[in-house]
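Got the viewer open? Load the structure below, keep the selection tool handy, and follow along stop by stop.

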Amino acid sequence: MVRRLLLSLSVAICLTGTVPSVHPQAERSWLLEDFRVVLEVQPDGNLAVTETLRPRFVGSFNGIFRTIPVDYRTPEGFNYKLFVRLESVSDGEGNTLRSETSREGHYLKCKIWIPGARDTTKTVLLRYRVENAVRYFPDHDELYWNATGTEWPVPIERSSALIKLPAAAAGA
């Protein structure tokens with residue numbers, strides 16, 4: 001039996017030039033099934049953000065990254081910087097998830113570990129504050145925010161954004 005397996009492997013190597021996989025690696029992929037964000041503009045102009053992410057995993061994963069743009073260049077050529085402070089990362093049951101943040105170029109990168117991320121859909125809640133989110137002009141105020149960001153390496157099936165203004169906001 002061992003000789004037959006070795007002979008089969010030798011023939012496969014000679015014919016293809018590669019060693020065949022005895023345990024084929026299962027295909028791994030993931031996507032965002034749902035991305036919901038609630039943006040609450042505070043009276044001081046800061047932003048309270050709550051993101052609900054529902055990643056669906058095929059295969060085994062350790063977690064995901066959330067990359068948030070924080071440095072912008074305005075059409076007038078000025079630099080514009082957001083100051084993001086992560087407050088909490090939890091799962092759908094409210095359990096704290098391990099996370100780390102780092103700065104990479106114009107982005108804040110949040111690494112999130114998700115236990116049991118194998119052939120399943122999980123829920124991740126991110127809560128963070130953003131300073132300098134509202135820009136003030138003589139004739140109007142402006143909230144510039146890309147709700148999902150542009151740095152996802154996977155498709156987003158559904159997304160939604162809800163913006164809550166302070167009660168004193170004109171037109172609210």
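A quick word on terms: on a 1 Å grid over the protein atoms alone, a cavity is a set of points where a 1.4 Å probe fits but cannot get out, while a pocket is an open set with protein on both sides within 12 Å along at least five of seven lines; lining residues have an atom within 4 Å of a point. Grid points are joined across faces, edges and corners, and a volume is the space filled by probe spheres set on the points.

This is a predicted model, where local features need pLDDT of at least 70 and side-chain atom pairs count only at pLDDT 80 or more, though totals for chains, interfaces and linings use all residues. Residues are numbered from 1 along each chain as its sequence is written, and side-chain values use heavy atoms, with hydrogens and water left out.

**Stop 1: the whole chain.** Switch to cartoon and you get one helix and 13 strands (DSSP runs numbered from the N terminus: helices are H or I, at least four residues; strands are E, at least two). The helix leads from the N terminus, and the strands follow. Of the 172 residues, 34% are buried (under 20% relative accessible area with a 1.4 Å probe, protein chains only; over 50% is exposed, and in between is partly exposed).

**Stop 2: the largest pocket.** Select V41, V134, D141, P166 and A169, which lie nearest the centre of the largest pocket, among its 13 lining residues. The space there is about 270 Å³. Which strand gives the most to this lining? That's β12, with three residues; β11 (134-136) and β12 (141-143) each supply at least two. By class, the lining has nine nonpolar, two polar and two charged residues (Ala, Val, Leu, Ile, Met, Phe, Trp, Tyr, Cys and Pro count as nonpolar, Asp, Glu, Lys and Arg as charged, and the others, Gly among them, as polar).

**Stop 3: strand β1 and its partners.** Now pick residues 29-41 and 47-60: β1 and β2 pair in the antiparallel sense over 12 bridges (strands pair if DSSP finds at least two bridges between them). Find V38, and T50 in β2 stands opposite. Five residues sit between the strands of this hairpin, where G45 takes a positive phi near 90 degrees. Then add residues 159-164, strand β13, which runs parallel to β1 and is joined to it by six bridges. Here V37 stands opposite A161.

**Stop 4: the cavities.** The whole structure holds two cavities of 30 Å³ or more. For the largest, about 40 Å³, select R66, I68, P69, Y72, W145 and N146. Strand β3 (residues 63-69) gives the most to that lining, with three residues. Keep R66 and I68 selected, then add V84, L86, T101, L108, K109, C110 and L126 to see the lining of the second largest cavity. Its elements giving two or more residues are β3, β6 and β8 (107-113), and the largest share, three residues, comes from β8.

**Stop 5: a loop residue.** Finish at N95, in the loop between β6 (83-91) and β7 (99-104). Is N95 buried or partly exposed? With a relative accessible area of 43%, N95 is partly exposed. Not counting residues up to four places away in sequence, N95 touches V89 and S90 (contact means heavy atoms within 4.5 Å). For a last distance, try N95 to V124: 29 residues apart in sequence, and 9.8 Å from C-alpha to C-alpha.
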